[in-house]
Amino acid sequence: MRVDIFTVAKDIFSGAISKGNIKHALKKGLLELDIWDLRDFSTDSHRRVDDYPYGGGAGMILKPEPIFYGVRKVLTPQTRVILLSPQGRIFNQDIAKDLSTLSHLVLICGHYKGIDERVREYLINDEISIGKYVLSGGEIPALVVLDSVVRLIPGVIGDLESAKGDSFFSSSLDAPYYTRPADFEGMKVPDVLLSGNHEAIRKWREKRRRIQYGRDRGL
Ligand code: SAM
């Protein structure tokens, strides 16, 4: 999979992409990632990427030219061009699964008051929100999307079966887990997990998945 991210705050990404599954995916050649500074596509001699809104009002707006020029540079007929926006469809595991099957994603990170509406009207073909709240920029949402998608690319995590047991992969939540010690200050690990009886453990986990699922829905 190839991912191109367009941002005015490139630095935000450096720590996150140098760790964990994103790092593994890059190392294994399962992910090609480019993070582009929108200022590099500015038509302005001062590399400005924002301007005042027509009609007045508070806040600055990301100009259309840097976004169109940048995205056009990488665009292919297969590209899913995604704007991160609080007004988009709410991101979830099904969307992550769907995106993980695509060959090329472009993630556009908004900033300031927002972006010129022509980007939404003429350039993107998807708009994703990570929740009903407003962040200062699209960089953290882009990382949320990138991380959740990359771990679903076959070969990125050692055991894809483990990801399949995660919450939301199917219509249930994950079971609870414990590790050593079996008794921590009197807080004990359930006996069944120490029993060595794999069938009993499987049944216990199934039951706990159902309980967690019901609890999540207030049942
Ligand atoms: N004025 C915009 C509105 O109310 O819809 C919010 C702009 S926000 C301060 C700046 C940028 O952060 C947005 O353009 C978007 O890229 C990103 N952003 C903020 N909240 C987000 C969310 N919940 N999901 C995805 N992106 C978000």
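**View 1. Tyr 133 and its neighbours meet the ligand through backbone atoms.** In this predicted model, a backbone N or O atom of Tyr 133 sits 2.8 Å from a nitrogen atom of the ligand. Leu 84 joins in too: one of its polar backbone atoms is 2.6 Å from an oxygen atom of the ligand. Look as well for Gly 137, where a polar backbone atom lies 3.5 Å from a ligand oxygen. On its own the ligand would expose 580 Å², and the protein buries 84% of that.

**View 2. The ligand takes up the largest pocket.** Zoom out a little and you see the shell: the space that the ligand occupies is the largest pocket. Two elements each give two or more residues to the shell around the ligand, namely β5 (80–90) and β8 (126–129). Of the elements, β5 gives the most, with four residues. There are 19 residues around the ligand, and those that come nearest are Leu 84, Gln 87, Gly 110, Lys 113 and Tyr 133.

**View 3. Helix α6 is largely enclosed by the rest of the structure.** This helix covers residues 139–150, and its 12 residues should span 16 Å at 1.5 Å a residue. The C-alpha atoms at its two ends are indeed 16 Å apart, so expectation and model agree. Nine of the 12 residues of α6 are buried, which is why the helix counts as largely enclosed. Among the buried ones are Leu 143, Val 145, Leu 146, Val 149 and Val 150. Glu 139 and Ser 148 are buried in α6 as well.

**View 4. Tyr 112 and Phe 168 both have a positive phi.** Most residues other than glycine have a negative phi. Tyr 112 is not a glycine, yet its phi is about 55°. You can find Tyr 112 in the loop between β6 (104–109) and β7 (114–115). Its relative accessibility is 37%, so Tyr 112 counts as partly exposed. Phe 168, also not a glycine, has a phi of about 75°. Phe 168 belongs to the loop between α7 and β9.

**View 5. A cis peptide bond joins Arg 180 and Pro 181.** Most peptide bonds are trans. Here, though, the bond between Arg 180 and Pro 181 is cis, with omega at about 5°. To get your bearings, look for Pro 181 in the loop between α7 (160–164) and β9 (183–184).

Conventions: Residues are numbered from 1 along each chain as its sequence is written. This is a predicted model: local features need pLDDT of at least 70, side-chain atom pairs count only at pLDDT 80 or more; totals for chains, interfaces and linings use all residues. Side-chain values use heavy atoms; hydrogens and water are left out. The expected span of a helix is 1.5 Å times one less than its number of residues. Buried means under 20% relative accessible area, exposed over 50%, partly exposed in between (1.4 Å probe, protein chains only). A residue is near a molecule or strand if one of its heavy atoms lies within 4 Å of it. A polar contact is a pair of N or O atoms within 3.5 Å; within protein, one must be able to donate a hydrogen and the other to accept it, and residues adjacent in sequence count only if both atoms are side-chain atoms. Accessible areas come from the Shrake-Rupley method with a 1.4 Å probe; for residues, only the protein chains shown count as cover. On a 1 Å grid over the protein atoms alone, a cavity is a set of points where a 1.4 Å probe fits but cannot get out, and a pocket is an open set with protein on both sides within 12 Å along at least five of seven lines; lining residues have an atom within 4 Å of a point. A molecule sits in a cavity or pocket if more than half of its atoms lie within 2 Å of its grid points.
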